[in-house]
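Here is a walk through one protein model, written for someone who would rather look than read tables. Keep the viewer open and follow along.

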Amino acid sequence: MPEQVQPAQVQPDWLQEGSKHLWLPYAQMRTAPTPLPVLRAEGARLYLADGSSLVDGIASWWTQAHGYNHPHIRDSVSAQLGKLAHVMLGGLANEPAMTLATRLAKLAPGDLDHVFFCESGSVSVEVAMKMAIQYWINRGTRGRTRFVSFRHGYHGDTMACMSICDPDEGMHGHFKGYLPEQIVVPLPRDAAGEAAFNDMLDRRGGEIAGIIVEPLVQGAGGMKFHDPSVLRFLRQAADARGQLLILDEIMTGFGRLGTMFASEQAGIVPDIMTLSKALSGGTLPLSATIARRHVFEAFLSDRAETALMHGPTYMGNPLACAAANASLDLFEREPRLAQVAAIERQLRTDLEPCRALKGVVDVRVKGAIGVVELDRAGEGTWLRPHFLKRGVWIRPFGNIVYLAPPFVIDELDLRQLTSAVTEVTALWSRERA
């Protein structure tokens, strides 16, 4: 059994003063606990100001593919910092961005050849949506301004992205009247669902700019899994009607599900793909929107107004792109996908006992993601302190407890995570279910 610890009793001056001013994410600031002060991180561990450490079970929102502070990424960023920290891409170029675009075009499925860089996952989805709408305008087709998305989906927190998230689980209610109205439907998982989806496309196809989905795993909407056949059906349905298919691989890309991109498991190529999170190895903010040739070619003409009019100030930042190039080096040199397969095997074995607990609805594993679904939501406030006592950093949300650790985690640290999940869930089951 892991050592019982109570981390972060020490509060540095910078934490006490900063907490008066820093607005935290997803937090009610009146009641939110003071965040834990992390002084450094290495591999799968976070080291706190009181001298304790936590095994990170969620890889800083799924970004840390290679673990924290990998020397190759650190050295690459340091070397780039000594030469060029930033230069605008408007009329200028830098080697890391050009090299990364070339490498991503070669790595991405099919003819996803044209890379647009941004700084965040949400913005990469915004760019994908703008691309899709302008694709139709440039082809002389007006009125295609809506997107088809799916229940339990999550695509980001910016305004257009919120409109394609699940309307009940997302933030639609707060912004009703401001958000554009999209077409949010259940994922077509069976013959009846496929028929309903095809009927919707036939009825409303003239207003649809694109279909967007998280492939195989819907992440922040509840870690809901679906079969590769769902993606194949969506590709077929889109092709039959000339629709654009957008895959949001921000969470699933770069090995999280056992292949470099989730779309590979379905054998399909989207028209547009979005990437972020592990793109830079979790080192610096970076995202990419990658388009197939026919999408890119719709923006080519002698008329200036057909250009994609978007340009984040820090797009193609040399430091972030240097980190991403180093991350791709590591995927080539080190056995990341084999490590994901080993994590998957251990998660399946170690989490299975939770299935028998009262109040547990499901236990599911795919790649380096393990999920224990509870029969009620809102238990995170009770669960989190019990995880901290066991020396792990796990943040349940909704009705799920999940693990998505760095790929480099060793067997013992992973067992500390899985033991914490099984022990705390059992305790919850006895006391709360």
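## Starting at Leu22

Leu22 counts as exposed, because its relative accessibility comes out at 54% and the bar for exposed is over 50%. Bear in mind throughout that this is a predicted model. To find Leu22, look in the loop that runs between helix H1 (13-18) and strand E1 (38-42).

For a sense of scale, pick Arg189 as a second point. Leu22 and Arg189 are separated by 167 residues in sequence, and their C-alpha atoms sit 43 Å apart in space.

## One set of annotated binding positions

UniProt, in an unreviewed entry, puts the feature "binding site" at Gly121, Ser122, Asp248, Pro312 and Thr313. Do they gather at one spot or spread out? They cover a span of 193 residues in sequence, and the farthest two C-alpha atoms are 22.7 Å apart, so they do not all gather at one spot.

Two of these positions are worth a closer look. Ser122 belongs to helix H5 (residues 121-138) and counts as buried, since its relative accessibility is 16%. Leaving out residues up to four places away in sequence, Ser122 touches His155, Gly156, Asp157, Thr158 and Cys161. Pro312 sits in a loop instead, the one between helix H10 (293-297) and helix H11 (318-333). With a relative accessible area of 13%, Pro312 is buried too. Its contacts, again not counting residues up to four places away in sequence, are Phe116, Phe117, Cys118 and Glu119.

## Another set of annotated positions

The unreviewed UniProt entry also gives "binding site" for Trp61, Tyr154, Lys277, Gly311 and Arg395. These are spread over 335 residues of sequence, and in space they reach up to 34.2 Å between C-alpha atoms.

Trp61 lies in helix H2 (residues 59-62) and is partly exposed, with a relative accessibility of 39%. Among the residues that Trp61 touches is Lys277, which carries the annotation as well. The other contacts of Trp61 are Pro25, Tyr26 and Tyr402, not counting residues up to four places away in sequence. Gly311 is in the loop between H10 and H11. At 53% relative accessibility, Gly311 counts as exposed, whereas Pro312, in that loop as well, is buried.

## A three-strand sheet

Now turn to the open sheet, where three strands line up in the order E13-E14-E16 with antiparallel pairing. E13 and E16 are the edge strands and have a single partner each, so one side of each has no neighbour in the sheet. From one strand to the next, the twist averages 10°.

What about E13 itself: is it enclosed or open? Five of the seven residues of E13 (residues 360-366) are buried, so the strand is largely enclosed by the rest of the structure. E13 is joined to E14 (residues 369-374) by six bridges, and one pair to click on is Arg364 with its partner Val371 in E14. The hairpin of E13 and E14 leaves two residues between the strands, and there Gly367 takes a positive phi near 60°. On the other side of the pairing list, E14 and E16 share four bridges, with Gly370 partnered by Leu403 of E16.

## Helix H13 and what it packs on

Which residues of helix H13 (residues 380-389) are buried? They are Gly380, Trp382, Leu383, His386, Phe387 and Leu388. These buried residues pack against E14 and strand E16 (400-403), and also against strand E3 (53-56), strand E15 (392-393) and helix H14 (411-432). Just past the end of H13, Gly391 has a positive phi of about 75°.

## The second largest pocket

The second largest pocket holds about 270 Å³ of space. Its lining is made of His114, Val115, Phe116, Met131, Ala291, Val295, Phe296, Phe299, Leu300, Ala307 and Leu308. Strand E4 (112-118) and H10 each provide at least two of the lining residues, and E4 gives the largest share, with three. Phe116 is one of the lining residues, and Phe116 also touches Pro312.

Key. Residues numbered from 1 in each chain as written. Predicted model: local features only at pLDDT ≥ 70, side-chain atom pairs only at ≥ 80, totals over all residues. Heavy atoms only, no water. Buried < 20%, exposed > 50% of the residue type's maximum accessible area, 1.4 Å probe, protein only. UniProt positions renumbered as here; feature names shortened; annotations may be inferred. Contact = heavy atoms within 4.5 Å. Pairing = 2+ DSSP bridges. Axes fitted to C-alpha atoms, helices over the stretch in contact; angles between N-to-C directions. 1 Å grid on protein atoms, 1.4 Å probe; cavity = no way out; pocket = protein on both sides within 12 Å on 5 of 7 lines; lining within 4 Å. Points joined across faces, edges and corners; volume = space filled by probe spheres on them.
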